[in-house]
Amino acid sequence: MQLRYVFSELRTGLRRNLTMHLAVILTLFVSLTLAGCGILLQRQADKTSETLGSELQILVNLCTVDDPSGAPQCAGGEVTDQQRERIEEEIEASPEVASYEYQTKEEGYEKAQEILPEEVFEGSDPVVTVDDWPSAYWVTLEQPDEADGVISAVEGLDGVSSIKDQREALGQIFGIMTALKYGSWIGSGFLLLAALLLVANTIRLAAMARRREIGIMRLVGASTLYIALPFLLEALVTAIVGVALASGALAAFQYFAIETGMAEVVTFLPWIDWSDYLQAIFGLVPPGIALLGPALTVIPTLLLTRKYIKV
Amino acid sequence: MIRFEKVTKKYPGPGNPALDQVTLDIDKGEFVYLVGTSGSGKSTALRLVLRELRPTAGRVYVAGKEINRMAGWKVPRLRRQVGTVFQDFRLLPNKTVAENVAFALQVIGKSKREITRTVPATLEMVGLKDKSERMPDELSGGEQQRVAVARAFVNRPMILIADEPTGNLDPSTSVGIMKLLEEINETGTTVVMATHDHGIVDQFRKRVIELEHGRVVRDEAAGSYGFQH
């Protein structure tokens, strides 16, 4: 296939509808940035609940050999299997509990490494070792505000060192994240709709401007793909520019707002990193903006060109 | 080469069909006039050959293939075998004469080498060798129609369809275009020409198929235009 015509048409097409293309690019840029922010916030929320538990969870720490709580129920040192069975029974019996999960000392230690400063794990005699770290139960509640029953049932049992209940603090954090996430997704949804309409308009204008050429191409037997190719490439170019701008904006957000911003100030939360950024750009589920952008311009172009340049 | 079998074409809405049970057969290498008043179904018949339309009933064969059942993606290949010329020339105003002719080859993916070989030869054939770098609006109507004929013929189609090719031209210019179409016909290309131009039809005697209200009312070898309008 001779593509010289296609590329010269692409050039003239981009120049002819420059203002329209700029409008498409700008709306795509802003909407994709917002969509990307939504994905990043989602990942931030996931990451937070992985290490700190969600607003539905309370953590039951079990006794260790030399338990820091000094509680009488830890007098026997490390929690025994018998004590654990008893604790498990109580948790299971509570109607407030949706599910629960046992976390070994090693698993807990690993999570701790993500949020505690590195110094405490270093050296020949580190402050925190695996042995120091308690095994625990993550208890997931039916309702975030109903935990009194299970807490009082478990609290005084032998082998229970302490109960960590961060529901309120975490609830606020998650509340903010959820609001921001849905806010960016709703905003991005409206803007993506606007981008779609702009794409549709651009194609209509371009098809009008090219109707003579298209008519002749159809008559002399150019294939539908060949006729549609300049339109598709135009759509692809605008999408690529939009995605590139949004990726840049998100990278700036990741670097300035997270890495050198929040992550330095708020250290008790595990923060998203560049792998999360890559997910927001290239991820499949939810679709990253590098998929979203081209899909949003190319698919409507395909559908509309079929309508306007039907063979 | 072209065969209609009981072809009926009815457009949406009330009214009589544009073509009503038309059966006709045009052989390879023939030159056929399609005559009839406006609305008699001439253009509909031509558009059926190009598969711009599909018949409501009946079958249309082009080059041995039943084209109304042809898959959509094969249609471009059919159209490459059928050249078309219109009353209004349909040239691209922002391209030179040579570019207009070359465009027809470019968009079906012909190589640059083939284009530089065939375009000048075709322009020479239609007598526009010296004007290949002119823009269409610098040419007379007759010359513009020659460019259109060159564009239709540059790919050496098996069939050339001309819809009122002399409709916008004065009689002497029309004769020139007609001679050109005859020349193309002599290379073996089947020519089907819908026309209102009785001077041409009477002067260049060919087979005449007359349509009236969508029916074939006359099919005559070396016929005359035959009616006044």
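Which element gives the most to the lining of the largest cavity? The legends below take up this point and then turn to the pockets and one helix. The model is predicted.

**View 1. The largest cavity and its lining in chains A and B.** The answer is β6(B), with four residues. The cavity holds about 140 Å³ of space. A search of the whole structure finds three cavities of 30 Å³ or more. Fifteen residues line the largest cavity; nearest its centre are Val220(A), Val82(B), Gly83(B), Arg151(B) and Ala152(B). Chain A contributes through α7 (211–220). From chain B come α2 (75–80), β6 (82–86) and α5 (141–153). Each of these four elements gives two or more residues. By class, the lining has nine nonpolar, three polar and three charged residues.

**View 2. The largest pocket, with lining residues from chains A and B.** Its volume is about 550 Å³. The lining has 24 residues. Closest to the centre are Arg4(A) from chain A and Lys95(B), Glu99(B), Ala102(B) and Gln106(B) from chain B. Which elements each supply at least two residues of the lining? They are α1 (4–16) of chain A, and α3 (97–106) and α4 (112–125) of chain B. Ten lining residues are charged, eight are nonpolar and six are polar.

**View 3. The second largest pocket and the chain A residues closest to its centre.** This pocket contains about 370 Å³ of space. It is lined by 20 residues. Thr51(A), Leu59(A), Ile115(A), Trp133(A) and Lys164(A) are the closest to the centre. Two helices of chain A, α2 (18–52) and α4 (105–115), each supply at least two lining residues. The strands β1 (57–62) and β3 (136–141) of chain A do so as well. How does the lining divide by class? Twelve residues are nonpolar, six are polar and two are charged.

**View 4. Helix α2(A) from end to end, and the residue just after it.** Helix α2(A) has 35 residues. At 1.5 Å a residue, α2(A) should span 51 Å. The C-alpha atoms at the ends of α2(A) are 50 Å apart, so the expected and modelled spans agree. Just after the helix comes Gly53(A), with a positive phi of about 85 degrees. The helix also takes part in View 3, where α2 (18–52) of chain A supplies at least two residues of the lining of the second largest pocket.

Notes:
Residues numbered from 1 in each chain as written. Chains lettered and ligands numbered in written order. Predicted model: local features only at pLDDT ≥ 70, side-chain atom pairs only at ≥ 80, totals over all residues. Heavy atoms only, no water. 1 Å grid on protein atoms, 1.4 Å probe; cavity = no way out; pocket = protein on both sides within 12 Å on 5 of 7 lines; lining within 4 Å. Points joined across faces, edges and corners; volume = space filled by probe spheres on them. Nonpolar A, V, L, I, M, F, W, Y, C, P; charged D, E, K, R; others polar. Expected span 1.5 Å × (residues − 1).
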